[in-house]
Amino acid sequence: MDKRLNTIIFILAATVFNVLTVIVSIILLLLLFNAILPPEHFQAWVLGLIFIASLALSFVVYRYALKFILKKIDVDKYFDPLFVRRNIKRN
């Protein structure tokens, strides 16, 4: 496989991982809040709080997972840069 294909596969896998992390954290936080609050006291603001907290939690998990993977993999060897700086001659 070439570097460009590796880069595309890595980006797609990282996106799927991030989406799955959000879904799992939403489910876990829903279960946690449901255990703490009875269903009759479960208000709409709690759902918003769960959504925001799951986004923050997934961001933290994603950053640590990415740091771990990037320590193990030589990025320059296996991946193409996403944005290439082009040399533009100016007068």
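**View 1. I52 on helix α2, with I26 for company.** I52 sits in helix α2 of this predicted model. Helices here are DSSP runs of H or I with at least four residues, strands are runs of E with at least two, and both are numbered from the N terminus. I52 counts as exposed because its relative accessibility is 58%; the cut-offs are under 20% relative accessible area for buried, over 50% for exposed, and partly exposed in between, using a 1.4 Å probe and protein chains only. Its distance to I26 is 9.3 Å, C-alpha to C-alpha, with their positions 26 residues apart in sequence.

**View 2. Helix α2 from end to end.** This helix has 29 residues and covers 43 Å from its first C-alpha to its last, close to the 42 Å expected at 1.5 Å a residue. That expected span is 1.5 Å times one less than the number of residues. V46, I50, S54 and S58 are the buried residues of α2, and they pack against α1. An α-helix has 3.6 residues a turn, so residues three or four places apart point the same way.

**View 3. Helix α1 and what it packs on.** Running over residues 3-36, α1 has 34 residues and reaches 49 Å from first C-alpha to last, close to the expected 50 Å. Its buried residues are N6, T7, A14, T21, V22, S25 and L29. They pack against α2 (44-72) and α3 (75-78).

**View 4. N6 and T7, two neighbours in α1.** N6 is found in helix α1, and so is T7. N6 counts as buried because its relative accessible area is 14%; T7 counts as buried because its relative accessibility is 9%. Leaving aside neighbours within four places in sequence, N6 is in contact (heavy atoms within 4.5 Å) with M1, Y78 and F79. With the same neighbours left out, T7 touches F79, D80 and L82.

**View 5. A greasy stripe around I27.** I27 lies in helix α1 and is partly exposed because its relative accessibility is 45%. Together with V16, V19, L20, I23, V24, L28 and L31, I27 forms a nonpolar patch on the surface, with about 730 Å² of accessible area in total. Patch members have over 30% relative accessible area and no salt bridge; like charges are joined within 9 Å, and nonpolar side chains (Val, Leu, Ile, Met, Phe, Trp, Tyr) within 5 Å. A salt bridge is a side-chain nitrogen of Lys or Arg within 4 Å of a carboxyl oxygen of Asp or Glu. Accessible areas come from the Shrake-Rupley method with a 1.4 Å probe, and for residues only the protein chains shown count as cover.

**View 6. The whole protein, for context.** The protein has three helices and zero strands, in the order α-α-α from the N terminus. Of its 91 residues, 13% count as buried. The accessible surface comes to about 7900 Å², and carbon and sulfur atoms hold 69% of that. Among contacts with a separation of 6 or more, 72% link residues 24 or more positions apart. The mean pLDDT (the predictor's confidence in each residue, from 0 to 100) is 84, and 89% of residues reach 70 or more. Confidence is highest in α2, at a mean of 90, and lowest in α3, at 78.

**Notes on the numbers.** Residues are numbered from 1 along each chain as its sequence is written, and side-chain values use heavy atoms, with hydrogens and water left out. Local features need pLDDT of at least 70 and side-chain atom pairs count only at 80 or more, while totals for chains, interfaces and linings use all residues.
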